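Please open the model in your viewer and keep the selection tool at hand. The stops below proceed from the sheet to the side chains packed around it.

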Amino acid sequence: MIQGRIHSTESFGSADGPGVRFLIFLSGCNLRCRYCHNPDTWARQSNDLRTADELLDQAERYRPYWGKEGGITVSGGEPLLQIDFLIDLFRKAKQRNISTCIDTAGQPFTREEPFFSRFQELMQYTDLLLLDIKHIDPYQHRLLTGKSNENILDMFHYLDEINKPVWVRHVLVPGITDDDTWLFQTRAFLASLHNIERIDVLPYHTLGLHKYKALGIPYTLEGVDPPTRERIEHAKKILSGELTPPMIHTEQTERRLHI
């Protein structure tokens with residue numbers, strides 16, 4: 001019997017995939033994003049162990065509120081660290097005709113075995129992925145998260161190869177991810193793909209600061225303010241293709257993506 005290490009659940013998620021969704025947050029993450037607002041999900045240990053059927057039974061209590069587009073979204077932490085549990089959960093969800101979505105940073109992804117075969121199976125039961133681009137530059141990504149991003153970008157390429165729908169999320173952090181150079185590079189990368197259905201620009205915030213203090217973890221972005229509304233709108237225009245790099249005009253930048 002496979003059990004997932006559960007951090008928490010939410011009954012009515014409205015910003016984590018289409019429609020109203022039941023959210024399942026799994027414990028454990030290998031990244032240490034400096035702006036993470038859920039450092040309490042980093043540890044892999046959990047006292048809350050549940051089976052797929054237990055979670056799906058709980059989720060279906062709220063099914064009348066889902067509408068035609070709703071379903072379940074699994075987030076974290078990093079859900080792909082518990083891929084065998086995800087396979088079991090999503091396989092059983094599809095048997096119940098439940099829409100499935102993964103909110104992931106992609107860090108565990110590799111085309112090496114045994115992970116890759118398991119990931120291929122998981123994609124058979126996955127309707128949508130919410131996939132983060134923490135930083136487009138591998139070196140800057142390592143400074144921001146503690147890990148490089150080569151395998152994450154390769155995951156984007158693989159999902160494009162199999163035409164799996166992706167919604168992109170990019171956290172806008174002043175002085176770290178909001179530089180126009182990086183935004184235009186991110187735009188160029190996304191424009192090379194064909195399965196990106198949506199791009200969300202998420203403004204950096206400090207709502208999780210109290211968790212760092214409670215856990216005794218140093219917060220390295222102390223003093224960084226959230227981006228202004230103007231800067232957020234500017235980033236959206238770049239990532240959607242509405243703005244093009246100065247003096248550069250290519251066929252790629254003509255393509256528009258929904259934000």
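Begin by displaying the strands of this predicted model. Eight of them form an open sheet with mixed pairing, in the order 3-1-2-4-5-6-7-8. Select residues 49-51 and 196-203 next: these are strand 3 and strand 8, which stand at the edges. Each has a single partner strand, so one side of each lacks a neighbour in the sheet. On average, neighbouring strands here are turned by 30° against each other, direction ignored.

Now select residues 71-75 and 99-104, which are strand 4 and strand 5. In which sense do strand 4 and strand 5 pair? Their pairing is parallel and extends over four bridges. Within it, I72 of the first selection stands opposite T100 in strand 5.

Add residues 83-95 to the view. This is helix 2, which lies across strand 1 (3-13), strand 2 (21-26), strand 3, strand 4 and strand 5. Relative to strand 5, helix 2 runs at about 155°.

The next stop is the nonpolar interior. In soluble globular proteins, nonpolar side chains tend to be buried together. The largest nonpolar core of this model has 53 residues, and those with the most contacts inside it are I72, L89, F119 and F156. Helix 2 supplies the largest share of this core, seven residues. Centre the view on L89. Which residues does L89 touch, leaving aside its neighbours within four places in sequence? They are I24, A52, L55, L56, I72 and V74. Then move to a second, separate core of 16 residues, which includes C33, Y204, L209 and L221.

Turn now to the aromatic rings, which form 13 pairs in this model. Select F156 and F189: their rings are arranged edge-to-face, with 5.6 Å centre to centre and 85° between the planes. F156 belongs to helix 5 (residues 150-161) and F189 to helix 6 (residues 180-191), so the pair ties together parts that are 33 residues apart in sequence. Are F156 and F189 buried or exposed? Both are buried.

Select F109, F115, F116, F119 and Y158 together; ring pairs link these residues into a cluster. F119 has already appeared on this tour, among the residues with the most contacts in the largest nonpolar core.

For the last stop, select W167 and R198. The charged end of R198 sits over the ring of W167, 4.5 Å from the centre of that ring. R198 falls within the span of strand 8 (196-203), one of the two edge strands seen at the start.

Notes
Residues are numbered from 1 along each chain as its sequence is written. This is a predicted model: local features need pLDDT of at least 70, side-chain atom pairs count only at pLDDT 80 or more; totals for chains, interfaces and linings use all residues. Side-chain values use heavy atoms; hydrogens and water are left out. Two strands pair if DSSP finds at least two bridges between them. Axes are lines fitted to C-alpha atoms, for helices over the stretch in contact, and angles run from 0 to 180 degrees between N-to-C directions. Contact means heavy atoms within 4.5 Å. A nonpolar core is a set of buried Ala, Val, Leu, Ile, Met, Phe, Trp, Tyr and Cys residues joined through side-chain atoms within 4.5 Å. Buried means under 20% relative accessible area, exposed over 50%, partly exposed in between (1.4 Å probe, protein chains only). Rings of Phe, Tyr and Trp (its six-membered ring) pair if their centres lie within 6.5 Å; planes under 30 degrees apart count as stacked, over 60 as edge-to-face and the rest as tilted. A charge sits over a ring if NZ of Lys or CZ of Arg is within 6 Å of the ring centre and within 35 degrees of the ring normal.
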